[in-house]
Amino acid sequence: MKHILVADDDSNIAALVARTLSGYKVTIAHNGLEALALGATASCDLLIADYLMPAITGDKLASRLRETHPAIKTLLMTGHRSFVDVDGQAVDDHIEKPFHMGELRAKVAGLIGLA
């Protein structure tokens with residue numbers, strides 16, 4: 001079963017994403033530092049991270065996780081229309097908030113396949 005790590009400081013969004021992606025194994029981190037700790041102990045196929053979180057932004061989180069998990073795919077969620085150009089190749093795709101759950105499922109399937 002494909003494993004997805006969801007990092008968002010808004011617990012409602014994280015829970016909604018997890019429910020939407022039933023069929024995948026989903027682990028929720030409530031901030032980027034928690035996601036780094038979870039990523040250090042578990043193998044994940046996909047990171048879905050909010051761009052703007054306290055302590056570490058989603059693109060920096062993706063970059064740090066890629067250091068230990070080079071094959072992890074990443075999807076950045078952002079509420080900012082002026083999407084910040086991410087460094088290097090840490091982020092594979094992004095989705096703008098608010099988004100439809102069907103759009104999220106399609107992006108996930110495109111990155112790691114169907115559940």
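Helices, meaning DSSP runs of H or I with at least four residues, and strands, meaning runs of E with at least two, are numbered here from the N terminus. What I am showing is a predicted model, in which local features need pLDDT of at least 70 and side-chain atom pairs count only at pLDDT 80 or more, while totals for chains, interfaces and linings use all residues. Residues are numbered from 1 along each chain as its sequence is written, and side-chain values use heavy atoms, with hydrogens and water left out.

Let me begin with helix H4. Its twelve residues, 101–112, should span 16 Å at 1.5 Å a residue, and the end C-alpha atoms are indeed 16 Å apart, so the two values agree; the expected span is taken as 1.5 Å times one less than the number of residues. The buried residues of H4 are Leu 104, Val 108, Leu 111 and Ile 112, where buried means under 20% relative accessible area, exposed over 50%, and partly exposed in between, with a 1.4 Å probe and protein chains only. Seen down the axis, these buried residues fall within an arc of 70°, so they line one face of the helix, the arc being that of the directions from the helix axis to the C-beta atoms. They pack against E1, helix H1 (11–20), E3, strand E4 (73–78) and strand E5 (93–96), and contact here means heavy atoms within 4.5 Å.

At the end of this helix, Ile 112 counts as buried at 11% relative accessibility. Leaving aside neighbours within four places in sequence, Ile 112 is in contact with Lys 2, Ile 4, Tyr 24, Asp 45, Leu 46 and Lys 73. From Ile 112 to His 3 there are 109 residues in sequence, yet their C-alpha atoms are 9.5 Å apart in space. Just after H4, Gly 113 takes a positive phi of about 95°.

I turn now to the strands. E4 has five of its six residues buried, so the rest of the structure largely encloses it. E3 and E4 run parallel and are joined by five bridges, pairing being accepted if DSSP finds at least two bridges between two strands; within this pair, Ala 49 stands opposite Leu 76. The chain passes from E3 through H3 to E4 in a right-handed β-α-β crossover, that is, with the strands pointing away from the viewer, the path from the first strand over the helix to the second runs clockwise. E4 also pairs with E5 in the parallel sense, over four bridges, and there Met 77 stands opposite Ile 95.

Which elements give two or more residues to the largest nonpolar core? That core has 18 residues, with Leu 5, Ala 7, Ala 35, Leu 47, Ala 49, Leu 61 and Leu 65 having the most contacts inside it; a nonpolar core is a set of buried Ala, Val, Leu, Ile, Met, Phe, Trp, Tyr and Cys residues joined through side-chain atoms within 4.5 Å. The elements in question are strand E1 (3–7), helix H2 (32–41), strand E3 (46–50) and helix H3 (58–68), and H3 gives the most, with three residues. Apart from this core lies another, of 16 residues, among them Ile 4, Val 6, Leu 75 and Val 108.

Two loops deserve mention. Between E5 and H4 sits Pro 98, and the peptide bond from Lys 97 to Pro 98 is cis, with omega near -10°. In the loop between E3 and H3 we find Ala 55, which is exposed, with a relative accessible area of 72%, and whose phi is near 80°, a positive value in a residue other than glycine.
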